[in-house]
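Reader: I'm new to this. Could you walk me through how to read a structure, one feature at a time?

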Amino acid sequence: MRIFWVKTILLFFLFAICIRLFYWQVVRAEFLQSQAENQHYKNTKIEAVRGNILFADGSILTSSNPAFSLYGLPKQLDDEQKVTTAYLLAKVLTGKQEEVDGLAKEITNKLSQDLYWVLLKRNISPDQKKQIEQLNLKGVEFEGSSVRFYPEGSSAAHLLGFVVPDTKDAGASKGYFGLEGYFNGELKGISGLLRNERDALGLPILIGNFLESQASNGKSLILNVNQTVQFIVEESLRAGIKKYGAKSGSVVVMDPKTGGILALAAYPSYDPLTYYDFPKEYFRNPIVADQYEPGSTFKVLVLAAALNEGLIRPDTKCDICSGPVSISGFTIRTWNNKYYADTTMKDVIVHSDNTGMVFAGKKIGLDKFYSYLENFGFGQPTNIDLQDEASPDIRVKEAWREIDLATASFGQGIAVTPVQMVRAISAIANGGNLMEPHVVSKVLSDDGKSVYEIKPKSKQVLKPAVAQQVMEMMVAAVQEGESKFVKPKGFKIAGKTGTAQIPVAGHYDPNKTIASFVGFAPADDPKFVMLVRYDEPSSSIFGSETAAPTFFEIAKQLLLYYKIAPSE
Amino acid sequence: MTIIKKFEPAEPRKTFSKKYIALVVISLFVLMVIEIWANNNVAVYGEKLQKLSFLQKTLNLENQILENEIAKQVSLTNVASKSAELGFSKPESIQYIR
């Protein structure tokens with residue numbers, strides 16, 4: 001009987017063992033396999049390095065600096081260790097003695113959470129990492145990442161945009177606004193994975209299983225932006241805003257032959273590294289996202305349209321310019337209430353005569369005027385390679401009244417963006433071609449080979465002879481107009497001032513203006529087209545006394561930089 | 001009665017000779033030694049690989065930091081500030097020679 005019971009017990013145990021083995025090997029097989037793999041294998045995410053953004057000459061505008069994310073492993077620490085670790089980390093992470101206690105408390109709180117790992121601090125420097133490693137702390141780990149580096153500080157912030165940590169992909173980053181936003185896909189790269197077998201000490205086993213999916217670093221961008229031109233523009237704009245007491249201002253410089261943006265600056269600006277310290281309104285790039293009424297700078301485009309259609313000639317005389325013009329019950333006056341009977345179209349531009357423009361507008365008529373608005377690219381995005389471009393709509397043709405055509409002919413009642421305006425003027429500068437503006441000239445792969453080159457796109461919108469005639473009118477406007485005293489001597493520069501009142505609650509505020517100056521130099525073979533714009537300058541409301549001096553100040557330096565000698 | 005057996009030479013036994021056994025034992029021993037040596041080396045090279053990989057990462061980081069430091073030093077913002085410190089100023093009156 002005893003043998004029977006012994007056998008029964010043994011069989012029972014055998015059965016229990018079989019059940020247990022079945023449970024482990026069949027029911028829990030996948031879970032245990034994954035646990036074993038986690039112990040044998042180490043997965044390391046290889047972060048892709050974000051691509052650089054380089055000036056036209058290859059110097060760095062933005063690159064990446066190595067940084068690390070600091071993680072804590074709360075389960076490996078007891079309460080006393082958590083407090084000690086937090087205090088030691090805080091001493092390394094903050095340079096200020098008075099902040100140590102606060103930071104230590106913050107880290108202790110993070111380490112007290114019921115988690116396996118917790119992020120303690122992002123973007124710590126390699127030096128800080130070294131110091132922490134020397135402390136030989138338990139329960140602390142690092143993960144490699146990178147932080148954007150700006151050798152020129154906050155320069156070209158609106159052009160660049162900024163980078164923030166990607167909440168959907170730990171360790172990765174995401175660009176917003178400007179180039180960082182527009183080219184985020186190209187710049188961010190693709191992270192890789194390294195998976196290899198480890199021994200009991202955690203060292204890699206050479207003949208063990210090894211899987212590597214290489215990280216593909218982000219592509220780099222080579223811009224059309226010239227480092228020196230950008231520096232000159234920013235410095236002059238900053239000084240101009242201060243001098244003229246403007247609320248804000250912007251300058252855009254473009255190569256009329258290629259459409260390449262040579263410089264782009266706007267103030268108030270922000271620091272892309274500490275973007276979170278600035279108001280959100282500063283992030284919008286006013287050159288591509290802000291709409292404004294161009295005022296008298298628009299006149300040259302209306303005259304170009306009329307000349308191109310053969311409806312007027314530069315010497316055509318205006319027969320309604322001897323006094324204010326009445327249209328649909330509205331009276332249109334000149335900016336200084338001076339009138340020139342039988343003035344020529346050239347003098348209309350020189351004197352910035354609104355009545356002369358009403359004459360030209362009538363000659364063109366709504367249909368042709370509207371089609372030229374479209375030809376010059378108004379009402380549609382320029383396709384500039386910056387994320388935040390917006391294009392103000394043009395009213396449908398059917399909604400235009402006679403007075404709308406009259407006011408639009410001198411640049412009021414119509415909205416444009418600065419980049420649309422500078423592009424349209426570049427068509428006059430380059431012989432009639434409307435260029436597509438581009439900030440980036442080339443995209444380079446990680447190994448430095450060109451992935452693709454952005455070719456200039458253009459369409460002919462004016463006859464070359466007409467472009468030449470309008471250019472001569474703009475040269476006369478500079479030489480004989482209100483801004484003649486600030487023009488650099490000896491250089492042939494084409495330009496036009498603009499002073500547009502700002503619409504406020506259905507009417508124009510006479511004391512608030514947008515002062516602008518648009519032009520190009522040297523007029524016969526332009527190296528650059530530039531638009532300077534000040535919002536609400538307080539020293540003078542006129543473009544000729546604010547934007548024009550800044551334009552000529554920048555132009556003087558650019559002509560020197562491009563080694564262009566005076567021609568007159 | 002005397003039975004006289006006819007003398008016939010004994011057929012050689014078909015067994016492994018001691019020589020072969022010794023050879024197999026020695027071979028196994030050599031293989032064992034090689035395995036121990038290889039395992040030992042693999043473990044050592046694993047550590048060396050770890051160190052080399054770490055060194056490569058460190059050098060890459062330092063290279064990146066140095067490149068950025070150069071970019072900072074040659075940046076126009078820095079050059080302008082240095083030149084101002086040294087008393088340089090912008091040209092005021094430019095003479096063009098034809």
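Author: Let's go from domains to chains, then to cores and helix packing. Keep in mind that this is a predicted model.

Reader: Okay, domains first. Which domains does chain A have?

Author: The assignment splits chain A into domain 1 (46–223) and domain 2 (227–561). Taken over C-alpha atoms, their centres are 45 Å apart. Where they meet, domain 1 of chain A puts in 28 residues and domain 2 of chain A puts in 26.

Reader: Which elements of domain 1 of chain A give two or more residues to the side that touches domain 2 of chain A?

Author: Look for helix H6 (157–160), helix H7 (178–182) and strand S10 (220–223) of chain A. You can also sort the residues on that side of domain 1 by character: 14 are nonpolar, ten polar and four charged.

Reader: And how many residues of chain B are in contact with chain A?

Author: Chain B brings 19 residues, and they meet 23 residues of chain A. On the chain B side, helix H1 (18–73) and helix H2 (76–85) each give two or more residues. H1(B) gives the most, with 13 residues. Sorted by character, the chain B side has eleven nonpolar, six polar and two charged residues.

Reader: Now the inside. Which residues have the most contacts inside the largest nonpolar core?

Author: Those are A:Val251, A:Leu303 and A:Val470, in a core of 130 residues. Both domains of chain A take part, as this core draws at least three residues from each of them. There is also a second, separate core of 16 residues, which includes A:Phe68, A:Leu77, A:Leu89 and A:Val140.

Reader: What does A:Val251 touch, not counting residues up to four places away in sequence?

Author: Among its contacts are A:Val233, A:Leu237, A:Ala263, A:Met530 and A:Ile554.

Reader: Last one: how are two packed helices described?

Author: You give the angle between their axes and the distance between the axes. Try helix H11 (residues 299–308) and helix H16 (residues 464–480) of chain A: the angle is about 145 degrees, and the axes are 9 Å apart. The crossing of H11(A) and H16(A) is right-handed.

Reader: Which residues in H11(A) and H16(A) meet?

Author: From H11(A), you'll find A:Val300, A:Leu303, A:Ala304, A:Leu307 and A:Asn308. They meet A:Val466, A:Gln469, A:Val470, A:Met473 and A:Met474 in H16(A). That contact divides into eight nonpolar residues, two polar and no charged. You've seen two of these names before: A:Leu303 and A:Val470 are listed among the residues with the most contacts inside the largest core.

How values were computed. Residues numbered from 1 in each chain as written. Chains lettered and ligands numbered in written order. Predicted model: local features only at pLDDT ≥ 70, side-chain atom pairs only at ≥ 80, totals over all residues. Domains from an automatic or database assignment. Contact = placed C-beta atoms within 7 Å. Helix = DSSP H or I, 4+ residues; strand = E, 2+ residues; numbered from the N terminus. Nonpolar A, V, L, I, M, F, W, Y, C, P; charged D, E, K, R; others polar. Core = buried A, V, L, I, M, F, W, Y, C linked by C-beta atoms within 7 Å. Buried ≥ 20, exposed ≤ 12 C-beta atoms within 10 Å, placed from the backbone. Axes fitted to C-alpha atoms, helices over the stretch in contact; angles between N-to-C directions. Left-handed = near helix turned anticlockwise from the far one by under 90°.
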